[in-house]
Amino acid sequence: MNDILSLGPAPRILFLSQDVPAMHEQLAGRQLTQAQAAPLRDDVSTDEITPVRIMSHYDEQLARYPYTGYTCEGERPVAVGAVQAGGFQVTVGGRRYGKGSSREHSPAAEKLAGIRLVIAESFERIYRQNADNIGLFTSTDFGLVERIQRGEAIPIEELVAGRDALAAAILRAGGLLAFGQAHLREAVPASAAQDARPLSLFEKIVQRHLLRTPVTSDAPQAGEGCFVRADWRFIHEYYTGMAAHMLHATLGRPLALRDQDSIVVFEDHTSYMEESPAHAGSPLLPNMHRMCEAQRDFVNAYGLRNHRTLTEDEARADDGGNVAGISHAMMAEHYALPGQLVAGTDSHTPHSGALGCVAFGVGTTDMANAFVTGAVRLTMPQVLRVELDGVLPPGVAAKDIVLHLLQLPEVKAGGGVGKVFEFAGPVLRGLSTDERATLTNMTAELGGLTGIVEPDAETVRFLKERRGVAFALEPWMKSDAGARYSEVVRVDCGALSPMVARPGDPGNGLPLDALTERVAIDIAYGGSCTAGKREDFDQYHAVLAWGLSQGLKVPQHVQLFLQYGTTAVRDYCMERGYDRTFAAAGARILQPSCGACANCGPGSSSETGQVTVSAINRNFPGRSGPGQVWLASPATVMASALAGELVSFATLRARSDAR
């Protein structure tokens, strides 16, 4: 590749400003200085860079869509095609740029539209790794802005300075696929490192899966890049077409897939797309069908293991033989085991960390490379330990714990970005595996690489009762006394109460009893990978059954949706008659799918004025429709559905007792 990044004498820089007029001026052709564009937006999510509705594109068409979901002052100033038409070559944003999902569509859309460099105060891990993998440069050096505006060419070595050696090598190679073909085809297990210091469980598992390559160390330290072998690699329909497209374009047909028995493919997002407010009746809907067909073609061509969620009509005709659901929930229910390593093309892959395995999300190019080389890229992270102390009060759930963590100033400032969250303490030990999975799942929102829990008797119980697996824990499957942690966060769980997060970001959390205004709701949604598990549905049922016993139903102006995470959860609920309670309370029951959480099904808002209370994991602008989304625990969502306003179950019961 070239030794310099030359953008010409008058390069266009797009500052992602919080100020709407500043955005309009730039898009109209005026070049602003950083001072004129200030303040810059923090927390620009991948939902804003490339909204989910356009993820059916995975080729050059993406060039039309970067920043079309970008929100400032309640407006979305960037029109389709505006970045490409404006000739922008550099984007500048604030803190925690690219937070949210693992979609590689975001840096791909930027690069295809002509963006060569993204400068931000800090980046989320998956976004930056995805950018590396496709050869899009990123930097945290704001001193580059004035130099670029003067027309100065920037040496590539300066752009990769400060990055780990592997990231720099991938960028110099022009991206991960080219790098992988040159260096990873003969990767073999690394020699067992002789590390005498006490290790965390995460470090032990990585050691056992480390690969030896010509460009990486057998004993990587925090911040250094390496490659690992995954026991399981999984992908879903939003990424498979893109992966197949890039692999066939680069390597031709047929592909030689490495260890294809360990590849699992899921069609889990789109079974309700015909009813999705973001897709129904849209020109995008045919693209969605083509995207799904691209995955099915890839599965059939290479004989891959596949799970497909069904439409309601298909589910009614099913004889019970279909086993399907949200990919990362399915991995915990059917595949992942303690001590294993799992990589998936979804930011909520850490869900399976509740079982005591290392599970993390990767982008499309990462997975495409892993398909053909067996090597998964990893930058060794620091490990942060979260000690959950005290006694969890009645009515407080794992979702309330993670919403509390998300609102901590050090977390909001990015203190958890790229780290491993090891959950421990007496409260953690008392949580079920389903509740532990809520914590590990939402390490994505905390900014972490993954979350992990030491496996114990509860893990063994879960595997036996849910999966029929008689698993024997091994002595090494725990962190050593004296293991090194970047920090230890202690949470007095006895002081917690039901939490909510205001619209716009999962970090906008506050105790529900600290909310001073009345918040009327239009939609209540229970489901998603975070809140579509068995015990989440136990909570939904407990609140709604109580409500029926008190003569309460969902008010006519509120729509309540309950969506199972997997077919096993659906069958569990039907065996117990939960579905009859849900229907009697006024809920619409939906078959397993990601649905409204991914803005791809009923439960998404259709108007900006609608207010939703949801048990999902993130509420970035546009994430679940154009309306306002409040996050809460399963019990709070159901209590709010019955009350027609945000309220905890305890408060709702107190109101009933006072009548």
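This section describes the pockets and cavities of a predicted model and the helix α6, which contributes to two of the pocket linings.

The largest pocket encloses about 570 Å³ of space. Its lining comprises 21 residues, and those closest to the pocket centre are R125, R128, T379, V417 and G418. Two elements, α6 (125-134) and β15 (376-379), give two or more residues to this lining. The largest share, four residues, is supplied by α6. By residue class, the lining of the largest pocket consists of five nonpolar, eight polar and eight charged residues.

The second largest pocket holds about 430 Å³ of space. Here too the lining is formed by 21 residues, with E104, A108, I134, M246 and T365 closest to the centre. Two or more residues of this lining come from each of α5 (105-112), α6, α10 (176-183) and α12 (237-251). The largest contribution is that of α12, with five residues. In composition, the lining of the second largest pocket divides into eleven nonpolar, six polar and four charged residues.

The helix α6 therefore merits separate description, because residues 125-134 form a DSSP helix run that gives two or more residues to the lining of the largest pocket and likewise to that of the second largest pocket. R125 and R128 are among the residues closest to the centre of the largest pocket, whereas I134 is among those closest to the centre of the second largest pocket. An α-helix has 3.6 residues a turn, so residues three or four places apart point the same way. The helix α6 is mostly covered, with ten of its ten residues buried. The buried residues include the charged side chains of R125, R128 and D132, together with the nonpolar residues I126, Y127, A131 and I134. Q129, N130 and N133 of α6 are also buried. After α6 comes G135, which has a positive phi near 80°.

Enclosed space was also examined. The structure contains seven cavities of 30 Å³ or more. The largest cavity accounts for about 200 Å³ and is lined by 21 residues, of which H269, D346, H348, A598 and R623 lie nearest the centre. At least two lining residues are supplied by each of α12 and α23 (528-531). The helix α12 thus appears in the lining of the largest cavity as well as in that of the second largest pocket. The lining of the largest cavity is made up of nine nonpolar, eight polar and four charged residues.

Conventions:
Residues are numbered from 1 along each chain as its sequence is written. This is a predicted model: local features need pLDDT of at least 70, side-chain atom pairs count only at pLDDT 80 or more; totals for chains, interfaces and linings use all residues. Side-chain values use heavy atoms; hydrogens and water are left out. On a 1 Å grid over the protein atoms alone, a cavity is a set of points where a 1.4 Å probe fits but cannot get out, and a pocket is an open set with protein on both sides within 12 Å along at least five of seven lines; lining residues have an atom within 4 Å of a point. Grid points are joined across faces, edges and corners, and a volume is the space filled by probe spheres set on the points. Buried means under 20% relative accessible area, exposed over 50%, partly exposed in between (1.4 Å probe, protein chains only).
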